[in-house]
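Trainee: I have a new structure to read and do not know where to start. Could you take me through it one feature at a time?

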Amino acid sequence: MTLNGWLQIAFFLATVVLVTPLLGGYMARLFTHQRTFLDPVMRPLERQVYRLTGVDETREMRWTEYAIALLLFSVVSLLVLYALQRLQGRLPFNPQGLPAVPPVLAFNTAVSFTTNTNWQAYSGESTMSYLTQMAGLAYHNFVSAAAGIAVAVAFIRGIANREQETIGNFWVDMVRASLYLLLPIAVIGTLVLVSQGVVQNLRPYDTVQTVEGAAQVIAQGPVASQEIIKQFGTNGGGFFNANSAHPFENPTPLTNWLAMFGIFAISSGLTYTLGSLTGSRRHGWAVWGAMAVLFVAGVTVAYWAEARGNPLLTTAGADQTVSALAPGGNMEGKEVRFGIANTALFATATTAASCGAVNGWHDSFTPIGGLVPLANMQLGEVVFGGVGAGMYGVLVYVILAVFIAGLMVGRTPEYLGKKIQAFEVQMAMLTVLIFSLVILAFTAVSSVSPGFGTASVFNQGPHGLSELLYAYSSATANNGSAFGGLSANTPWFNTTLGMAMLFGRFFMIIPPLAIAGSLSRKKVIPASTGTFPVTTPLFTVLLVGVIVIVGALTFFPALSLGPVVEHFLMHHGRVF
Amino acid sequence: MHLARHLRIALLMTAVTTVLLGVVYPLTMTAIAQLLFPEQANGQLIARNGVVVGSRLIGQGFSRPGYFHARPSATSTPYDAANSGGSQYGPTNAKLIETVRANVARARTDNPGAPVPVDLVTASASGVDPHLTPAAARFQVPRVARARGVAPSDVEALVEAYTEGRTFGFLGEARVNVLELNLALDATLVSAR
């Protein structure tokens, strides 16, 4: 580890801190329908969208109607994405003449992008036409993110409301998140990316004659406009197979910083929105603090492990020491311009949030370096988390934390003046249990099935189990990154990972909406001496404790058989 | 409950937002990008004597002794820029260790006795990494100088000139663009045989 590495990590965190009140305050105004500086441009467009689609923007919805609108939108847009992939061969913007995507893969990909997962069982540049990338995949990068933000905002309204039946209007929240938040960021960000070298064109792939006379085909495409929303919407699906490691997606250290900043910006801002709308800014920062503690812990471990390198490579004769001329460390599956610090930081951020973009291959990380992204996803991606998804995810843990605190002092738990009762705790536990069950059950079945499960494993030994565990953790947590060695483009994996993504999206959305509906109806009771304050460092510690303990109890046995045992074997010189 | 109405909205909403966010937005951005940054938007292709020899951002394979060699590439054929990717070797995969050992053995014949920088013998993430660390470039100076029949100090100076520092002095890592360095070699120091 180097001082410069830590400086880069500190700089990244500082920029996230700075943007939090700016974006968070803006979102608070946006979702309480106050005037924003973009009204002159966006308000006419917004009205036009409602007029064309028949949305009544004054209509408020109960949580059930809100959920139905979201589900119907997801189903319809999922089917359109499926059709687009199947028909791409006959549609325009396909200069490479790429054929229809096969049915099972098209199903997996449609689910993947609708659920904000962006798991990719295909290689972008050799599978998807420019039209599919733009109108299918990048489109879903906008709306799946906007839907996630909508749910988070609805949850926050549920907390803030007093004796109300309704929690907002899904269509309005989704459209406002798209037009006033995501689209402006994407427009400006695209130009920043292009100025740095991210390509943005519709031309056929170039064939060049290399200096030594070989032919090299260079893939092109409308990359920047997709790349920017892929990061800020925590989607993560790369235009190219190599994702953010590809020089056309992420050419410079500056684009790399912007990519990582994008992953956290909105999610971090939402903690401030939470504080703003519930009238307790300090509560927002207390939740932010818990996220930051878990993030710094993760990046420290990952950076340490990757900088320390792989002792087996030293035995093979490679020099992994740090010098002024080289960052050293485990460089297998990493790019020179990012080195160790930026790859470890990116891996931690992309899995703390539900982004899943990668600028190096997690499969080639050291065992402990790879454990960090895996554990991040298994904690439910509440360390800032996906846009919206991180917020409603962490609020589930907040409810559990308040509940546990209530048990400890023997009083009915309260959260910002609302009594937390059986229904809320049942719904919160439901999300936690379904999440773990889906990951562990599918991993278990795959790991004992040579025919369709372990046959897809690329790296043998304990690392093989890690590949399976990673795949189902990533799908269920709607992350989308992979231990990429796994051959996941098979009927079994395409189907079961598709199911895991659906469970991981909608069973994580519906119970929180139910909690929001229930909280919204409750009376606010004044705080008393028995109320556990949710604005203090003590609350932050409790929240971190609950997140870690729930995650550790659930996943430690599986992790100990994968990355932990591989770590010790690696240091004993064992190879597979 | 409101199913039919919301289904109708869902269909229309998908259509309207697809046109706006999936067609109008990317096409407009493409037009603006082509206008403002035509070089960057099209991949920064480099031509020499009227022949396009590559992209500044995309690595390519070099095997002749008079050129600096890029990092190992794990794409199906090395440096396939239409199918990017890495080796996906896990840290305890026997094939990883074998591959690195073979790469180290080959590197050592170029520059016996010097420690072999790790990036020179491990596969990159994209398979088209355009860069080497300054350490991996310097490691190859003796071979390149020998093959071109020029003084190592001249080659060293060129490496120095083509070493790009960290952005703003602290972001990213120092690096050398292999294609640009090799083109500069051909332009300034005796042509490679």
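Trainee: How many residues does the contact take from chain A and from chain B?

Mentor: This is a predicted model. In general, the size of an interface is often given as the accessible area lost when the parts come together. Here we count residues: chain A brings 110 to the contact and chain B brings 96. On the chain A side, helix α3 (residues 63-87) gives the most, with 9 residues.

Trainee: Which classes of residue make up the side of chain A that touches chain B?

Mentor: That side has 58 nonpolar, 40 polar and 12 charged residues.

Trainee: Which strands of the two chains are joined by bridges?

Mentor: Strand β3 (residues 318-319) of chain A and strand β3 (residues 116-117) of chain B run parallel, and 2 bridges join them. For one partner pair, look at A318(A), whose bridge partner in β3(B) is V116(B).

Trainee: Now chain B by itself. What pattern does chain B follow along the sequence?

Mentor: Count the elements, then read their order. Chain B has 7 helices and 6 strands, and the order is α-α-β-β-α-β-β-α-α-α-β-β-α.

Trainee: What radius of gyration does chain B have, and what would a compact globule of 193 residues have?

Mentor: The radius of gyration of chain B is 23 Å, whereas a compact globule of 193 residues would have one near 16 Å. The box filled by the C-alpha atoms of chain B, taken along the principal axes, is roughly 80 × 45 × 35 Å.

Trainee: Into which domains is chain B divided?

Mentor: There are two entries to find: domain 1 (3-38) and domain 2 (44-188). Taken over C-alpha atoms, the centres of domain 1 and domain 2 of chain B are separated by 41 Å.

Trainee: What share of chain B is buried?

Mentor: Buried residues account for 52% of the 193 residues in chain B. Contacts add a second view: of those in chain B between residues at least 6 apart in sequence, 54% join residues at least 24 apart.

Trainee: Back to chain A. How far apart are the end C-alpha atoms of helix α15 (residues 422-447)?

Mentor: They are 37 Å apart. At 1.5 Å a residue, the 26 residues of helix α15 of chain A should span 38 Å, so the two values agree.

Trainee: Which residues of α15(A) are buried, and what covers them?

Mentor: Among the buried ones are M427(A), F435(A), V438(A), I439(A) and F442(A), and also E424(A). The cover includes α14 (389-409), α16 (462-476), α17 (491-521) and α18 (537-571) of chain A.

Terms used:
Residues numbered from 1 in each chain as written. Chains lettered and ligands numbered in written order. Predicted model: local features only at pLDDT ≥ 70, side-chain atom pairs only at ≥ 80, totals over all residues. Helix = DSSP H or I, 4+ residues; strand = E, 2+ residues; numbered from the N terminus. Rg over C-alpha atoms; globule rule 2.2 N^0.38 Å. Buried ≥ 20, exposed ≤ 12 C-beta atoms within 10 Å, placed from the backbone. Contact = placed C-beta atoms within 7 Å. Expected span 1.5 Å × (residues − 1). Nonpolar A, V, L, I, M, F, W, Y, C, P; charged D, E, K, R; others polar. Pairing = 2+ DSSP bridges. Domains from an automatic or database assignment.
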